[in-house]
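Q: I would like to learn how to read ligand contacts and charged pairs in a model. Could we go through some cases?
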Amino acid sequence: MSVEQQAALGSGADFWSTKQVGDLPSLVLTDGPHGVRRQVGATDHLGLAGSEPATCFPPAVGLGQSWDADLTRKVGAALGVESRALGVDVLLGPGINIKRDPRCGRNFEYYSEDPHLSGRLAASWVQGLQSTGVGASLKHFAANNTEHDRMRSSSDIAPRPLREIYLRAFQYVVQQAQPWTVMCSYNRVNGTYASENRWLLTEVLRDEWCFDGVVVSDWGAVQDRVKAVAAGLDLEMPGSGGGTDRQVVDAVAAGELDAEAVARTAGRMIALAAKAQAGRATQIPAFDPDTHHALARQVAAHCVVLLKNDPVEQQAVLPLDAGHSLAVIGEFARTPRYQGGGSSHVNPTRLDIPLGEIHAMAGDGADVTYMPGFTTDGSGDAAALREEAVRAAAAAETAVLFLGLAAHQESEGFDREQIELPAEQLELLADVVRAQPRTAVVLSHGGVLRLAPVESLVPALLDGALLGQAGGGALADVLFGRVNPSARLTETVPVRIQDTPAYLDFPGEHSHVGYGEGLFVGYRWYDARAIDPTFPFGHGLSYTSFAYANLELTAETDGIAATVTVTNTGARPGREVVQFYVAKPDSSVARPPQELKGHAVVDLAPGASERVSILIDRADLAYWDIRGERWVVEGGDYEVRAAASSRDIRTSATVEVTGDAFALPLTLNSTLGEVMAAPGAAELLGTLMLMPQTAADNEALGIDMAKMMVSIPVCRLLSFAGGQVTLADLEKLLTQLNTGRS
Ligand code: BGC
């Protein structure tokens with residue numbers, strides 16, 4: 001293949017396809033992630049122009065709340081079937097950026113504030129999708145955690161949080177699920193555009209993680225194609241009309257770009273085409289919109305979090321009693337908010353309307369009234385709308401109030417400035433609850449809302465986040481108890497925006513975002529600072545109850561095996577999401593008080609028990625050591641907590657783990673403390689008369705000399721010891737100690 005042909009392979013033919021070069025077919029890539037957005041007419045990446053009908057599954061904000069990797073695998077596979085039906089080779093998803101701040105406009109497209117959960121769910125999604133012969137595009141690599149200034153902004157992150165929080169889920173998905181492509185993000189990472197970041201795209205992604213697929217740019221993320229190719233970018237999207245192909249060819253001719261780098265990118269494009277050609281020949285089921293709508297409903301029902309369900313006069317408000325009269329209130333009951341705005345916007349095959357589904361489930365002759373209560377665009381007479389809604393609520397036996405954010409209030413492309421529900425909705429809520437104590441609120445939103453003013457008023461609260469096209473039916477299923485809610489929060493709900501970890505560093509300034517909270521993202525922050533949230537990470541109730549007992553841990557070579565007995569102690573069948581948090585209080589490095597390192601989903605009949613087992617991967621116990629630039633598992637005790645949420649620990653136990661052999665060579669710059677930690681060091685230092693010998697020495701001095709001396713670099717002893725010790729003495733000592741440790 002000529003350099004011209006190789007360069008041509010590396011940029012798009014148009015908005016959604018690659019060029020046909022020689023025998024290689026043109027490939028179609030399109031959004032993603034929760035539905036296929038296949039445009040056959042006008043094209044755009046903002047969700048403006050139309051697209052072919054496709055099933056709109058719950059966006060990641062909803063899907064994540066299922067905590068269910070089997071469900072995400074099924075969704076991935078169904079999306080693959082639809083991609084194939086619409087002639088798509090690569091679906092642009094999943095999005096797995098960490099929800100660092102609730103104001104990020106694109107949080108609805110991401111799974112969680114936690115890398116473990118994001119990685120596990122996304123890996124299954126990718127496996128499901130790719131089982132149908134369609135490739136995934138893991139995005140946005142990396143640290144794209146704000147929409148503000150996203151095409152220039154630099155995410156300035158220290159090595160540990162970068163590795164342990166922001167790259168962790170990417171690493172897991174790349175290594176476990178081998179996505180065909182990874183999409184590099186718009187932003188810069190520590191000063192260098194992701195698309196030009198050789199460290200990110202080549203050293204980490206390929207050399208360390210062994211990624212062998214294609215790196216595609218986010219749409220329009222390439223600033224300088226020549227630099228990008230040198231850094232490891234394979235495909236620039238959309239096309240540049242051949243302009244950047246010429247730049248690549250010229251740069252090779254001028255000796256500014258290694259011809260080998262261009263050949264390598266072409267090789268990876270050829271391999272991608274081979275995967276796509278094989279994929280197109282894979283036998284899969286035909287796309288049936290009804291079956292996929294039913295799947296979307298089943299999935300959505302498992303994405304609804306029951307945040308609160310207190311009794312009113314000894315009787316819980318939920319599930320609803322079909323025989324009772326009901327007032328349904330809120331614009332979102334008849335105009336559902338079910339997906340986010342921007343490039344992921346799907347043209348649904350159908351749309352369930354919550355009000356219609358509630359009517360249908362309440363049955364013929366049921367007494368169900370409806371009032372909008374507010375408008376989402378500020379039009380109309382707010383007081384009049386509120387009053388008629390309050391009258392309806394008072395006249396019924398129960399009220400169900402749909403609140404949330406409208407599409408124009410959050411979207412890809414911009415961040416929110418605050419996390420409040422609109423004031424008129426809060427006023428309506430207060431008046432409705434005053435008139436009707438038996439009120440349940442249903443929430444629709446893409447980003448976290450401040451729920452303190454809601455939680456303090458209503459006895460029952462359901463969080464639907466965004467549920468996709470079948471969300472209306474799914475909400476009815478949960479409201480009436482046909483499905484027992486089991487979903488869990490994937491993000492902390494703070495009492496106030498000022499409590500959030502990145503509050504002072506979001507969205508940054510002058511195109512830089514300092515990640516000042518470091519490792520302490522999401523619940524890691526609230527736990528470390530002992531801040532109470534309104535609802536903690538992992539929280540979610542059920543119409544039944546569960547008990548945990550007999551946690552057993554064993555240290556295995558590949559991690560910690562944890563088993564706990566979970567019993568359904570209530571009267572209904574239910575699903576429990578069993579969470580395992582790990583703590584290492586005596587760690588030698590700063591660590592969050594606890595971190596999610598495993599979870600399992602278990603379905604139990606009333607009274608039934610099950611031993612739930614998971615393996616906490618040894619790799620997940622490691623921290624990133626900045627001195628060795630490697631992962632290190634510390635030896636010693638680890639506490640494992642089996643929990644129903646990050647703040648509802650049911651039982652815990654401790655297990656001893658053998659640490660990694662990791663010793664940095666001792667040098668003249670090592671401190672006395674570091675030297676003293678080596679076996680035999682005390683005696684050797686003692687012979688040099690460098691440390692106080694006995695407790696009596698200390699007593700005589702009236703201070704603990706050893707404590708004072710631990711941070712002195714060994715080389716400084718040359719002057720402190722007044723000539724008693726020579727450089728040769730010290731070098732001999734270090735050699736002896738280093739030999740003893742190796
Ligand atoms: C988004 C990507 C999307 C692409 C193509 C970009 O604006 O950031 O997530 O896949 O457009 O629509």
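Q: Which atom of the ligand is 2.9 Å from an N or O atom in the side chain of Lys-139?
A: A polar contact is a pair of N or O atoms within 3.5 Å. In this predicted model, the partner of the Lys-139 side chain is an oxygen atom of the ligand, at 2.9 Å. Polar side-chain atoms of Arg-106 and Asp-218 each lie 2.7 Å from a ligand oxygen. The protein covers 100% of the 310 Å² of accessible area that the ligand has on its own.

Q: With which residue does Arg-106 form a salt bridge?
A: Side chains of opposite charge can pair when their charged atoms come close. Here the partner of Arg-106 is Glu-412, with 3.2 Å between the closest N and O atoms. Arg-106 sits in the loop between strand S3 and helix H4, and Glu-412 in the loop between strand S16 and H14, so the pair ties together parts 306 residues apart in sequence. Both Arg-106 and Glu-412 are buried.

Q: Is Arg-246, which pairs with Asp-250 in a salt bridge, buried or partly exposed?
A: Buried means under 20% relative accessible area. Arg-246 has 45% relative accessibility and therefore counts as partly exposed. Asp-250, at 39%, is partly exposed too. The two residues lie four apart in helix H9, about one turn of the helix.

Q: What is the nearest side chain of opposite charge to Arg-438, and how far away is it?
A: A salt bridge requires the nitrogen and the carboxyl oxygen to be within 4 Å. For buried Arg-438 the nearest such side chain is Glu-313, 6.2 Å away, and Arg-438 has no salt bridge. Its side chain does reach the backbone oxygen of Ala-316, at 3.0 Å.

Notes: Residues numbered from 1 in each chain as written. Predicted model: local features only at pLDDT ≥ 70, side-chain atom pairs only at ≥ 80, totals over all residues. Heavy atoms only, no water. Buried < 20%, exposed > 50% of the residue type's maximum accessible area, 1.4 Å probe, protein only. Lys, Arg positive; Asp, Glu negative; His and termini not counted. Polar contact = N/O pair within 3.5 Å; in protein donor to acceptor, adjacent residues only side chain to side chain. Areas by Shrake-Rupley, 256 points an atom, 1.4 Å probe, with all protein chains shown as cover.
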